[in-house]
Amino acid sequence: MSNTQGVHTLQILFRVEPGCLGPQGASHIEGFCQYAQQHCGNLGAPYARWQVEPRFDKTLPEADFFVADKKLKREQAARYASALDQDLDALEEAFHGALADWIDAYMRGGSS
(Lines give C-alpha, C1' and ligand atoms only; values in the text may rest on other atoms or scores of the structure.)
Protein backbone atom coordinates (compact mmCIF):
# COMPACT_ATOMS: atom_id res chain seq x y z
CA MET A 1 0.00 0.00 0.00
CA SER A 2 1.30 3.47 -0.83
CA ASN A 3 0.44 6.75 0.79
CA THR A 4 -0.44 9.82 -1.24
CA GLN A 5 3.22 10.66 -1.83
CA GLY A 6 3.93 7.32 -3.52
CA VAL A 7 5.91 5.98 -0.56
CA HIS A 8 5.01 2.49 0.55
CA THR A 9 3.29 2.27 3.90
CA LEU A 10 4.89 0.23 6.66
CA GLN A 11 2.39 -2.52 7.44
CA ILE A 12 2.52 -3.80 11.00
CA LEU A 13 0.81 -7.06 11.86
CA PHE A 14 0.26 -7.09 15.61
CA ARG A 15 -0.87 -10.24 17.39
CA VAL A 16 -2.84 -9.88 20.62
CA GLU A 17 -2.75 -12.68 23.17
CA PRO A 18 -6.13 -13.78 24.54
CA GLY A 19 -4.77 -13.44 28.10
CA CYS A 20 -4.72 -9.65 27.65
CA LEU A 21 -8.50 -9.83 27.97
CA GLY A 22 -8.50 -11.69 31.27
CA PRO A 23 -9.26 -15.30 32.16
CA GLN A 24 -12.05 -15.55 29.58
CA GLY A 25 -9.96 -13.86 26.90
CA ALA A 26 -10.08 -16.77 24.47
CA SER A 27 -13.82 -16.29 24.09
CA HIS A 28 -13.40 -12.53 23.44
CA ILE A 29 -10.22 -12.28 21.39
CA GLU A 30 -11.73 -12.53 17.89
CA GLY A 31 -14.30 -9.82 18.63
CA PHE A 32 -11.70 -7.67 20.31
CA CYS A 33 -9.35 -7.87 17.34
CA GLN A 34 -12.15 -6.72 15.05
CA TYR A 35 -12.92 -3.88 17.48
CA ALA A 36 -9.24 -2.85 17.66
CA GLN A 37 -8.89 -3.01 13.87
CA GLN A 38 -11.76 -0.56 13.50
CA HIS A 39 -10.06 1.87 15.88
CA CYS A 40 -6.46 1.80 14.66
CA GLY A 41 -7.04 3.29 11.21
CA ASN A 42 -5.36 6.66 11.80
CA LEU A 43 -2.66 5.49 14.20
CA GLY A 44 0.62 6.24 12.44
CA ALA A 45 -1.10 7.32 9.24
CA PRO A 46 -0.07 7.81 6.52
CA TYR A 47 3.21 6.03 7.25
CA ALA A 48 1.98 2.93 9.06
CA ARG A 49 -1.00 0.64 8.71
CA TRP A 50 -1.87 -1.76 11.50
CA GLN A 51 -3.43 -5.18 11.22
CA VAL A 52 -4.62 -6.71 14.49
CA GLU A 53 -5.21 -10.42 14.91
CA PRO A 54 -5.26 -13.01 17.71
CA ARG A 55 -2.03 -14.64 18.82
CA PHE A 56 -3.05 -18.23 19.38
CA ASP A 57 0.36 -19.57 18.35
CA LYS A 58 2.95 -18.32 20.83
CA THR A 59 5.75 -19.37 18.49
CA LEU A 60 4.77 -16.46 16.24
CA PRO A 61 6.23 -13.07 17.09
CA GLU A 62 4.07 -10.36 18.62
CA ALA A 63 4.61 -8.24 15.52
CA ASP A 64 5.61 -8.69 11.90
CA PHE A 65 6.52 -5.88 9.53
CA PHE A 66 5.93 -5.57 5.79
CA VAL A 67 6.53 -3.06 3.01
CA ALA A 68 4.85 -3.73 -0.32
CA ASP A 69 4.01 -7.27 0.90
CA LYS A 70 7.69 -8.00 1.60
CA LYS A 71 8.37 -9.17 5.15
CA LEU A 72 11.02 -7.17 6.99
CA LYS A 73 13.05 -7.89 10.09
CA ARG A 74 12.37 -5.45 12.91
CA GLU A 75 15.70 -3.71 12.28
CA GLN A 76 14.81 -3.23 8.61
CA ALA A 77 11.38 -1.89 9.58
CA ALA A 78 13.01 0.57 11.98
CA ARG A 79 15.35 1.79 9.22
CA TYR A 80 12.42 2.13 6.81
CA ALA A 81 10.42 4.10 9.38
CA SER A 82 13.47 6.30 9.98
CA ALA A 83 13.72 6.99 6.24
CA LEU A 84 10.15 8.30 6.51
CA ASP A 85 11.19 10.51 9.46
CA GLN A 86 9.26 8.23 11.81
CA ASP A 87 10.40 6.30 14.86
CA LEU A 88 9.26 2.67 14.99
CA ASP A 89 9.57 2.58 18.78
CA ALA A 90 7.32 5.66 19.05
CA LEU A 91 4.78 4.12 16.66
CA GLU A 92 4.71 0.93 18.72
CA GLU A 93 4.48 2.86 21.97
CA ALA A 94 1.49 4.80 20.65
CA PHE A 95 -0.11 1.56 19.52
CA HIS A 96 0.43 -0.12 22.90
CA GLY A 97 -1.09 2.89 24.68
CA ALA A 98 -4.10 2.82 22.39
CA LEU A 99 -4.35 -0.95 22.76
CA ALA A 100 -4.66 -0.62 26.54
CA ASP A 101 -7.46 1.94 26.08
CA TRP A 102 -9.23 -0.29 23.55
CA ILE A 103 -9.04 -3.28 25.89
CA ASP A 104 -10.59 -1.22 28.71
CA ALA A 105 -13.34 0.12 26.46
CA TYR A 106 -14.05 -3.28 24.89
CA MET A 107 -14.28 -5.03 28.25
CA ARG A 108 -16.67 -2.30 29.48
CA GLY A 109 -18.76 -2.89 26.37
CA GLY A 110 -18.05 0.65 25.21
CA SER A 111 -17.61 2.06 21.78
CA SER A 112 -14.70 4.40 22.49
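Start by selecting glutamate 53, which sits in strand β2. This is a predicted model, and this residue makes a handy first stop on the tour.

**Stop 1: glutamate 53 and its surroundings**

With glutamate 53 highlighted, is its side buried, partly exposed or exposed? Its relative accessibility is 27%, so glutamate 53 counts as partly exposed. Now show what it touches. Setting aside neighbours within four places in sequence, glutamate 53 is in contact with Leu13, Phe14, Arg15, Val16 and Cys33. Add cysteine 33 to the selection and draw a distance between the two C-alpha atoms: glutamate 53 and cysteine 33 are 20 residues apart in sequence and 5.4 Å apart in space.

**Stop 2: the whole chain**

Zoom out and switch to a cartoon view. How many helices and strands does the protein have? There are three helices and four strands. Follow the ribbon from the N terminus and you will meet the elements in the order β-α-β-β-β-α-α. The radius of gyration is 14 Å, close to the 13 Å that the globule rule gives for 112 residues, so the protein is as compact as a globular protein of that length.

Turn the model around a little. Along its principal axes, the C-alpha trace spans about 40 × 30 × 20 Å. Now consider the contacts between residues with a separation of 6 or more: 71% of them involve residues 24 or more positions apart.

**Stop 3: the surface**

Switch on a surface view. The accessible surface comes to about 6,600 Å², and 50% of it belongs to carbon and sulfur atoms. Colour the charges next: the protein has 10 positive and 15 negative ones, and their mean positions are 6 Å apart. Of the 112 residues, 37% are buried, and the next stop goes in among them.

**Stop 4: the nonpolar core**

In soluble globular proteins, nonpolar side chains tend to be buried together. Here, the largest nonpolar core has 28 residues, and those with the most contacts inside it are Leu10, Phe32 and Trp102. Select the elements that give two or more residues to this core: β1 (10–16), α1 (25–39), β2 (48–54), β3 (63–67), α2 (74–83) and α3 (88–108). Which element gives the most? That is α3, with eight residues.

**Stop 5: two residues inside the core**

Select phenylalanine 32, in helix α1. At 0% relative accessibility, phenylalanine 32 counts as buried. Which residues does it touch, not counting those up to four places away in sequence? They are Val16, Leu21, Leu99, Trp102, Ile103 and Tyr106. For another distance to draw, pick tryptophan 50: the C-alpha atoms of phenylalanine 32 and tryptophan 50 are separated by 14 Å, with their positions 18 residues apart along the chain.

Now move to leucine 10. Leaving out neighbours within four places in sequence, leucine 10 has many partners to display, including Tyr47, Ala48, Arg49, Phe65, Phe66 and Val67. Its contacts also take in Leu72, Ala77, Tyr80, Ala81 and Leu88.

**Stop 6: details in the loops**

Go to the loop between α1 and β2, where you will find proline 46. Look at the peptide bond leading into this residue from alanine 45: this bond is cis, with omega near 0°.

Then select alanine 68, in the loop between β3 and β4 (70–72). Its phi is near 50°, a positive value in a residue other than glycine. Alanine 68 is partly exposed, with a relative accessible area of 39%. Aspartate 69 is found in the loop between β3 and β4 as well. The phi of aspartate 69 is near 65°, again a positive value in a residue other than glycine. Is aspartate 69 buried or exposed? With 68% relative accessibility, aspartate 69 counts as exposed.

**Stop 7: along helix α2**

Finish on helix α2, beginning with glutamate 75. Glutamate 75 counts as exposed, at 52% relative accessibility. Add leucine 88 to the view: glutamate 75 and leucine 88 are 13 residues apart in sequence and 9.5 Å apart in space, C-alpha to C-alpha.

Your last selection is arginine 79, also found in helix α2. Arginine 79 is exposed, with a relative accessible area of 56%. Draw one more C-alpha distance, to glutamine 51: arginine 79 and glutamine 51 are 28 residues apart in sequence and 20 Å apart in space.

Conventions. Residues are numbered from 1 along each chain as its sequence is written. This is a predicted model: local features need pLDDT of at least 70, side-chain atom pairs count only at pLDDT 80 or more; totals for chains, interfaces and linings use all residues. Side-chain values use heavy atoms; hydrogens and water are left out. The radius of gyration is taken over C-alpha atoms; the globule rule is 2.2 Å times the number of residues to the power 0.38. Buried means under 20% relative accessible area, exposed over 50%, partly exposed in between (1.4 Å probe, protein chains only). Contact means heavy atoms within 4.5 Å. Accessible areas come from the Shrake-Rupley method with a 1.4 Å probe; for residues, only the protein chains shown count as cover. Lys and Arg count as positive and Asp and Glu as negative; His and the chain ends are not counted. The place of a charge is taken as NZ of Lys, CZ of Arg, CG of Asp or CD of Glu. A nonpolar core is a set of buried Ala, Val, Leu, Ile, Met, Phe, Trp, Tyr and Cys residues joined through side-chain atoms within 4.5 Å.
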